[in-house]
Amino acid sequence: MQGQAEAPAAGTVLNALANGFGSAFAIDAYTTATVTLTTDGDGYTGEVAEAPDADTTLVERCVALVVSEFGTDEMTGGHVRTESEVPMAGGLKSSSAAANATVLATLDALGVPVGAGGALDRVDACRLGVRAARDAGVTVTGAFDDASASMLGGVTVTDNSADELLARDEVDWDVLVYTPDERAFSADADVSRCERIAPVADEVREMALDGRYGRAMTVNGFAFCAALGFPAEPMVEALPDVAGVSLSGTGPSFTAVGERDVLERVRADWAEREGHTWLTTTQTEGARTT
Ligand SMILES: Nc1ncnc2c1ncn2[C@@H]1O[C@H](COP(=O)(O)OP(=O)(O)OP(=O)(O)O)[C@@H](O)[C@H]1O
Ligand SMILES: O=C(O)C1=C[C@@H](O)[C@@H](O)[C@H](O)C1
(Lines give C-alpha, C1' and ligand atoms only; values in the text may rest on other atoms or scores of the structure.)
(Ligands and ions follow the chains in the order given, each with its own letter.)
Protein backbone atom coordinates (compact mmCIF):
# COMPACT_ATOMS: atom_id res chain seq x y z
CA MET A 1 0.00 0.00 0.00
CA GLN A 2 1.45 3.34 -1.01
CA GLY A 3 0.41 6.95 -0.51
CA GLN A 4 1.91 10.31 -1.41
CA ALA A 5 1.26 13.89 -0.31
CA GLU A 6 2.90 17.31 -0.37
CA ALA A 7 2.81 20.17 2.14
CA PRO A 8 4.06 23.76 1.85
CA ALA A 9 6.70 25.48 3.94
CA ALA A 10 5.82 28.67 5.83
CA GLY A 11 7.15 32.00 7.09
CA THR A 12 6.62 33.57 10.50
CA VAL A 13 4.35 36.44 11.56
CA LEU A 14 4.70 35.68 15.30
CA ASN A 15 7.12 33.20 16.86
CA ALA A 16 5.37 31.29 19.67
CA LEU A 17 8.44 30.83 21.86
CA ALA A 18 7.72 34.01 23.85
CA ASN A 19 4.09 33.61 24.95
CA GLY A 20 2.75 30.41 23.36
CA PHE A 21 0.81 32.28 20.66
CA GLY A 22 2.04 32.02 17.09
CA SER A 23 1.21 33.04 13.55
CA ALA A 24 2.57 31.82 10.22
CA PHE A 25 1.79 31.94 6.48
CA ALA A 26 2.22 29.17 3.89
CA ILE A 27 4.62 29.75 0.97
CA ASP A 28 4.87 28.12 -2.43
CA ALA A 29 7.70 25.63 -1.67
CA TYR A 30 7.02 22.00 -0.84
CA THR A 31 8.02 18.84 0.95
CA THR A 32 6.71 15.58 -0.55
CA ALA A 33 6.35 12.34 1.40
CA THR A 34 5.90 8.87 -0.09
CA VAL A 35 4.77 6.22 2.38
CA THR A 36 4.76 2.46 1.77
CA LEU A 37 3.00 0.23 4.33
CA THR A 38 3.59 -3.54 4.61
CA THR A 39 2.08 -6.50 6.42
CA ASP A 40 5.40 -8.34 6.76
CA GLY A 41 7.65 -5.58 8.16
CA ASP A 42 8.93 -4.87 11.63
CA GLY A 43 8.57 -1.17 12.48
CA TYR A 44 9.01 1.99 10.45
CA THR A 45 12.01 3.42 8.63
CA GLY A 46 12.58 6.83 7.08
CA GLU A 47 14.78 8.46 4.47
CA VAL A 48 15.36 12.10 3.50
CA ALA A 49 16.31 12.32 -0.19
CA GLU A 50 18.63 15.37 0.15
CA ALA A 51 20.17 14.41 3.51
CA PRO A 52 20.96 10.71 4.01
CA ASP A 53 22.19 11.36 7.57
CA ALA A 54 19.14 13.40 8.67
CA ASP A 55 17.16 12.48 11.78
CA THR A 56 14.05 10.64 10.53
CA THR A 57 12.41 10.17 13.95
CA LEU A 58 9.71 12.79 13.21
CA VAL A 59 8.44 11.25 9.98
CA GLU A 60 8.68 7.68 11.31
CA ARG A 61 6.64 8.75 14.34
CA CYS A 62 4.03 10.36 12.03
CA VAL A 63 3.56 7.05 10.17
CA ALA A 64 3.39 5.04 13.41
CA LEU A 65 0.80 7.36 14.98
CA VAL A 66 -1.46 7.36 11.93
CA VAL A 67 -1.25 3.55 11.58
CA SER A 68 -2.02 3.06 15.26
CA GLU A 69 -5.11 5.31 14.97
CA PHE A 70 -6.41 4.27 11.54
CA GLY A 71 -4.63 1.05 10.49
CA THR A 72 -5.26 -2.62 11.31
CA ASP A 73 -3.20 -5.15 13.29
CA GLU A 74 -1.92 -6.71 10.04
CA MET A 75 0.05 -3.57 9.31
CA THR A 76 3.40 -4.20 10.91
CA GLY A 77 5.87 -1.99 9.07
CA GLY A 78 6.51 0.69 6.53
CA HIS A 79 8.89 3.19 4.97
CA VAL A 80 8.64 6.94 4.44
CA ARG A 81 10.79 8.90 1.98
CA THR A 82 10.71 12.69 1.89
CA GLU A 83 11.92 14.99 -0.86
CA SER A 84 12.04 18.68 -0.09
CA GLU A 85 12.54 22.09 -1.66
CA VAL A 86 12.68 23.47 1.89
CA PRO A 87 16.04 23.64 3.69
CA MET A 88 15.99 21.64 6.93
CA ALA A 89 16.22 23.67 10.15
CA GLY A 90 16.29 26.90 8.16
CA GLY A 91 13.36 28.58 9.92
CA LEU A 92 10.93 27.85 7.08
CA LYS A 93 8.97 25.17 8.94
CA SER A 94 10.58 22.17 7.26
CA SER A 95 9.51 20.00 10.19
CA SER A 96 5.83 20.99 9.89
CA ALA A 97 5.84 20.47 6.11
CA ALA A 98 7.49 17.03 6.50
CA ALA A 99 5.05 16.00 9.26
CA ASN A 100 1.93 17.15 7.38
CA ALA A 101 3.03 15.52 4.12
CA THR A 102 3.79 12.26 5.97
CA VAL A 103 0.51 12.20 7.90
CA LEU A 104 -1.51 12.78 4.70
CA ALA A 105 0.55 10.25 2.71
CA THR A 106 -0.01 7.59 5.40
CA LEU A 107 -3.75 8.30 5.46
CA ASP A 108 -3.69 8.08 1.65
CA ALA A 109 -1.92 4.70 1.81
CA LEU A 110 -4.60 3.48 4.24
CA GLY A 111 -7.40 4.84 2.05
CA VAL A 112 -8.68 7.06 4.88
CA PRO A 113 -10.54 10.12 3.55
CA VAL A 114 -9.56 13.50 5.05
CA GLY A 115 -11.61 16.70 5.06
CA ALA A 116 -15.32 17.47 5.04
CA GLY A 117 -17.27 14.21 5.43
CA GLY A 118 -14.03 12.21 5.88
CA ALA A 119 -12.80 10.19 8.85
CA LEU A 120 -10.96 13.24 10.21
CA ASP A 121 -10.71 16.90 9.29
CA ARG A 122 -7.54 18.62 8.16
CA VAL A 123 -6.98 20.39 11.48
CA ASP A 124 -7.07 17.05 13.33
CA ALA A 125 -4.72 15.54 10.74
CA CYS A 126 -2.38 18.43 11.45
CA ARG A 127 -2.67 17.83 15.21
CA LEU A 128 -1.36 14.27 14.65
CA GLY A 129 1.80 15.74 13.09
CA VAL A 130 2.15 18.15 16.02
CA ARG A 131 1.89 15.21 18.42
CA ALA A 132 4.61 13.40 16.48
CA ALA A 133 6.81 16.53 16.58
CA ARG A 134 6.46 16.71 20.37
CA ASP A 135 7.26 12.97 20.67
CA ALA A 136 10.31 13.39 18.40
CA GLY A 137 11.56 16.39 20.41
CA VAL A 138 11.94 18.68 17.37
CA THR A 139 9.72 21.46 18.71
CA VAL A 140 9.40 23.74 21.74
CA THR A 141 5.66 24.57 21.73
CA GLY A 142 4.40 21.91 19.31
CA ALA A 143 4.46 24.56 16.53
CA PHE A 144 0.73 24.28 15.78
CA ASP A 145 1.04 27.75 14.21
CA ASP A 146 3.46 26.51 11.53
CA ALA A 147 1.68 23.17 11.14
CA SER A 148 -1.76 24.75 10.65
CA ALA A 149 -0.46 27.27 8.10
CA SER A 150 1.18 24.43 6.17
CA MET A 151 -1.85 22.12 6.39
CA LEU A 152 -4.55 24.73 5.62
CA GLY A 153 -2.63 27.30 3.55
CA GLY A 154 -3.00 31.05 4.06
CA VAL A 155 -2.11 32.72 7.35
CA THR A 156 -3.10 31.27 10.72
CA VAL A 157 -3.00 32.60 14.28
CA THR A 158 -2.92 29.94 17.01
CA ASP A 159 -2.67 29.19 20.70
CA ASN A 160 0.03 26.52 20.71
CA SER A 161 -0.51 25.67 24.38
CA ALA A 162 -3.98 24.35 23.46
CA ASP A 163 -3.35 23.48 19.77
CA GLU A 164 -6.21 25.84 19.03
CA LEU A 165 -6.80 27.72 15.78
CA LEU A 166 -7.76 31.34 16.64
CA ALA A 167 -7.93 32.72 13.10
CA ARG A 168 -7.25 31.81 9.48
CA ASP A 169 -7.08 34.23 6.59
CA GLU A 170 -6.23 34.01 2.89
CA VAL A 171 -3.54 36.43 1.76
CA ASP A 172 -2.01 37.02 -1.65
CA TRP A 173 1.52 38.31 -1.17
CA ASP A 174 4.81 38.18 -2.99
CA VAL A 175 7.41 36.84 -0.58
CA LEU A 176 11.19 37.29 -0.57
CA VAL A 177 13.15 34.64 1.33
CA TYR A 178 16.79 34.80 2.45
CA THR A 179 18.30 31.58 3.82
CA PRO A 180 21.88 31.75 5.10
CA ASP A 181 23.99 28.58 4.84
CA GLU A 182 23.95 27.96 8.60
CA ARG A 183 21.21 25.91 10.31
CA ALA A 184 19.32 26.55 13.59
CA PHE A 185 17.34 23.67 15.11
CA SER A 186 14.23 24.90 16.97
CA ALA A 187 14.86 22.43 19.79
CA ASP A 188 18.18 24.24 20.51
CA ALA A 189 16.65 27.75 20.78
CA ASP A 190 17.19 29.72 24.01
CA VAL A 191 13.58 29.66 25.24
CA SER A 192 14.20 31.66 28.44
CA ARG A 193 15.52 34.61 26.40
CA CYS A 194 12.44 34.42 24.17
CA GLU A 195 10.15 34.46 27.21
CA ARG A 196 11.66 37.80 28.28
CA ILE A 197 10.08 39.47 25.24
CA ALA A 198 6.57 38.13 25.99
CA PRO A 199 5.07 41.67 26.39
CA VAL A 200 6.18 42.48 22.83
CA ALA A 201 4.79 39.16 21.59
CA ASP A 202 1.45 39.99 23.26
CA GLU A 203 1.28 43.19 21.16
CA VAL A 204 2.22 41.26 18.01
CA ARG A 205 -0.56 38.73 18.69
CA GLU A 206 -3.12 41.57 18.87
CA MET A 207 -1.83 43.06 15.60
CA ALA A 208 -2.07 39.65 13.91
CA LEU A 209 -5.60 39.06 15.23
CA ASP A 210 -6.48 42.52 13.81
CA GLY A 211 -5.19 41.40 10.40
CA ARG A 212 -2.20 43.79 10.54
CA TYR A 213 0.16 40.99 9.52
CA GLY A 214 2.93 43.05 7.94
CA ARG A 215 3.43 45.33 10.94
CA ALA A 216 3.11 42.34 13.28
CA MET A 217 5.86 40.53 11.38
CA THR A 218 8.24 43.46 11.55
CA VAL A 219 7.84 43.96 15.30
CA ASN A 220 8.23 40.19 15.78
CA GLY A 221 11.40 40.24 13.68
CA PHE A 222 13.21 42.94 15.66
CA ALA A 223 12.25 41.36 18.97
CA PHE A 224 13.29 37.81 18.05
CA CYS A 225 16.52 38.90 16.33
CA ALA A 226 17.46 40.48 19.65
CA ALA A 227 16.33 37.52 21.77
CA LEU A 228 17.91 34.81 19.61
CA GLY A 229 21.06 36.73 18.66
CA PHE A 230 20.49 37.16 14.91
CA PRO A 231 21.49 40.39 13.12
CA ALA A 232 18.58 42.73 12.31
CA GLU A 233 20.57 44.14 9.37
CA PRO A 234 18.55 42.28 6.66
CA MET A 235 15.41 43.84 8.14
CA VAL A 236 16.85 47.35 8.11
CA GLU A 237 17.88 46.87 4.46
CA ALA A 238 14.29 45.89 3.56
CA LEU A 239 12.61 48.77 5.41
CA PRO A 240 10.80 51.12 5.06
CA ASP A 241 9.38 50.00 1.70
CA VAL A 242 8.31 46.41 2.41
CA ALA A 243 4.92 45.68 4.02
CA GLY A 244 6.58 43.38 6.55
CA VAL A 245 9.90 41.68 7.23
CA SER A 246 10.99 39.24 9.93
CA LEU A 247 13.34 36.57 11.10
CA SER A 248 11.41 33.39 10.27
CA GLY A 249 10.90 30.79 12.99
CA THR A 250 14.01 30.36 15.10
CA GLY A 251 16.12 31.51 12.14
CA PRO A 252 18.36 31.80 10.33
CA SER A 253 16.04 32.64 7.36
CA PHE A 254 14.35 36.01 6.88
CA THR A 255 11.17 36.66 4.89
CA ALA A 256 9.83 39.95 3.54
CA VAL A 257 6.40 40.63 2.02
CA GLY A 258 5.30 43.54 -0.14
CA GLU A 259 5.12 44.88 -3.68
CA ARG A 260 7.03 42.81 -6.24
CA ASP A 261 9.21 45.73 -7.43
CA VAL A 262 10.14 46.59 -3.84
CA LEU A 263 11.07 42.96 -3.14
CA GLU A 264 13.20 42.91 -6.34
CA ARG A 265 15.14 45.89 -4.94
CA VAL A 266 15.60 44.17 -1.56
CA ARG A 267 16.60 40.97 -3.34
CA ALA A 268 19.56 42.75 -4.89
CA ASP A 269 20.78 43.75 -1.39
CA TRP A 270 20.13 40.38 0.24
CA ALA A 271 21.80 38.55 -2.66
CA GLU A 272 25.11 40.19 -1.58
CA ARG A 273 25.00 38.04 1.57
CA GLU A 274 26.25 34.45 1.76
CA GLY A 275 23.41 31.98 1.31
CA HIS A 276 20.39 31.80 -0.96
CA THR A 277 17.81 34.52 -1.76
CA TRP A 278 14.65 33.66 -3.69
CA LEU A 279 11.25 35.09 -4.59
CA THR A 280 8.04 33.16 -4.10
CA THR A 281 4.40 33.79 -3.17
CA THR A 282 1.97 32.88 -0.43
CA GLN A 283 0.05 29.61 -0.83
CA THR A 284 -3.64 29.27 0.12
CA GLU A 285 -4.52 25.61 -0.66
CA GLY A 286 -2.33 23.99 1.99
CA ALA A 287 -1.26 20.35 1.98
CA ARG A 288 -2.72 17.73 -0.39
CA THR A 289 -2.37 14.15 -1.56
CA THR A 290 -0.68 13.83 -4.95
N1 LIG B 1 12.37 16.86 4.71
C2 LIG B 1 12.35 16.32 5.95
N3 LIG B 1 12.16 14.99 6.10
C4 LIG B 1 12.14 14.44 7.33
N5 LIG B 1 12.28 15.11 8.47
C6 LIG B 1 12.46 16.43 8.39
C7 LIG B 1 12.50 17.11 7.13
N8 LIG B 1 12.71 18.42 7.35
C9 LIG B 1 12.80 18.56 8.70
N10 LIG B 1 12.66 17.38 9.32
C11 LIG B 1 12.71 17.13 10.76
O12 LIG B 1 12.60 18.38 11.42
C13 LIG B 1 13.78 18.67 12.19
C14 LIG B 1 14.12 20.16 12.07
O15 LIG B 1 13.10 20.85 12.72
P16 LIG B 1 13.26 22.41 13.07
O17 LIG B 1 12.00 22.84 13.72
O18 LIG B 1 14.54 22.60 13.80
O19 LIG B 1 13.42 23.05 11.66
P20 LIG B 1 12.42 24.01 10.91
O21 LIG B 1 11.03 23.45 11.03
O22 LIG B 1 12.94 24.17 9.51
O23 LIG B 1 12.64 25.35 11.70
P24 LIG B 1 11.59 26.43 12.27
O25 LIG B 1 10.69 25.69 13.23
O26 LIG B 1 12.45 27.46 12.94
O27 LIG B 1 10.86 26.93 11.09
C28 LIG B 1 14.87 17.78 11.57
O29 LIG B 1 15.84 17.45 12.53
C30 LIG B 1 14.05 16.55 11.15
O31 LIG B 1 13.83 15.72 12.26
O1 LIG C 1 9.30 24.74 17.96
C2 LIG C 1 8.39 25.58 18.10
O3 LIG C 1 7.53 25.46 18.96
C4 LIG C 1 8.34 26.74 17.20
C5 LIG C 1 9.39 26.97 16.33
C6 LIG C 1 9.40 28.12 15.40
O7 LIG C 1 9.09 27.70 14.09
C8 LIG C 1 8.41 29.19 15.81
O9 LIG C 1 8.25 30.13 14.76
C10 LIG C 1 7.06 28.60 16.17
O11 LIG C 1 6.17 29.64 16.51
C12 LIG C 1 7.20 27.64 17.32
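The UniProt annotation "binding site", from an unreviewed entry, covers Pro-87, Met-88, Ala-89, Gly-90, Gly-91, Leu-92, Lys-93, Ser-94, Ser-95, Ser-96 and Ala-97. UniProt positions follow the numbering used here, feature names are shortened, and annotations may be inferred rather than shown by experiment. This is a predicted model: local features need pLDDT of at least 70, side-chain atom pairs count only at pLDDT 80 or more, and totals for chains, interfaces and linings use all residues. Residues are numbered from 1 along each chain as its sequence is written, and chains are lettered from A and ligands numbered from 1 in the order in which they are written.

**Exercise 1.** Place Pro-87 and decide whether it is buried or exposed.

*Solution.*
- Step 1: Pro-87 sits in the loop between β4 and α2. Helices (H or I, at least four residues) and strands (E, at least two) are DSSP runs, numbered from the N terminus.
- Step 2: Pro-87 is buried because it has 22 C-beta neighbours inside 10 Å. The rule: buried means 20 or more other C-beta atoms within 10 Å of its own, exposed 12 or fewer, partly exposed in between, with C-beta atoms placed from the backbone.
- Step 3: Leave aside neighbours within four places in sequence; Pro-87 then contacts Leu-92, Ser-94 and Thr-179. Contact means that C-beta atoms, placed from the backbone, lie within 7 Å.

**Exercise 2.** Do the analysis for Ser-95.

*Solution.*
- Step 1: Ser-95 belongs to helix α2.
- Step 2: Its 28 C-beta neighbours inside 10 Å make Ser-95 buried.
- Step 3: Not counting residues up to four places away in sequence, Ser-95 touches Leu-58, Ala-133, Val-138 and Thr-139.

**Exercise 3.** Describe the shell around ligand 1.

*Solution.*
- Step 1: Ligand 1 is surrounded by 26 residues, the closest being Thr-82, Ser-94, Ser-95, Ser-186 and Gly-249. A residue is near if its C-beta atom, placed from the backbone, lies within 6 Å.
- Step 2: Two or more residues each come from α1 (57–70), β4 (77–84) and α2 (94–110). The largest share, four residues, is from α2.
- Step 3: The shell divides into eleven nonpolar, twelve polar and three charged residues. Here Ala, Val, Leu, Ile, Met, Phe, Trp, Tyr, Cys and Pro count as nonpolar, Asp, Glu, Lys and Arg as charged, and the others, Gly among them, as polar.

**Exercise 4.** Repeat for ligand 2.

*Solution.*
- Step 1: 16 residues surround ligand 2; Ala-16, Gly-22, Thr-139, Thr-141 and Gly-249 are the closest.
- Step 2: Its shell has four nonpolar, nine polar and three charged residues.

Technical notes. Contact = placed C-beta atoms within 7 Å.
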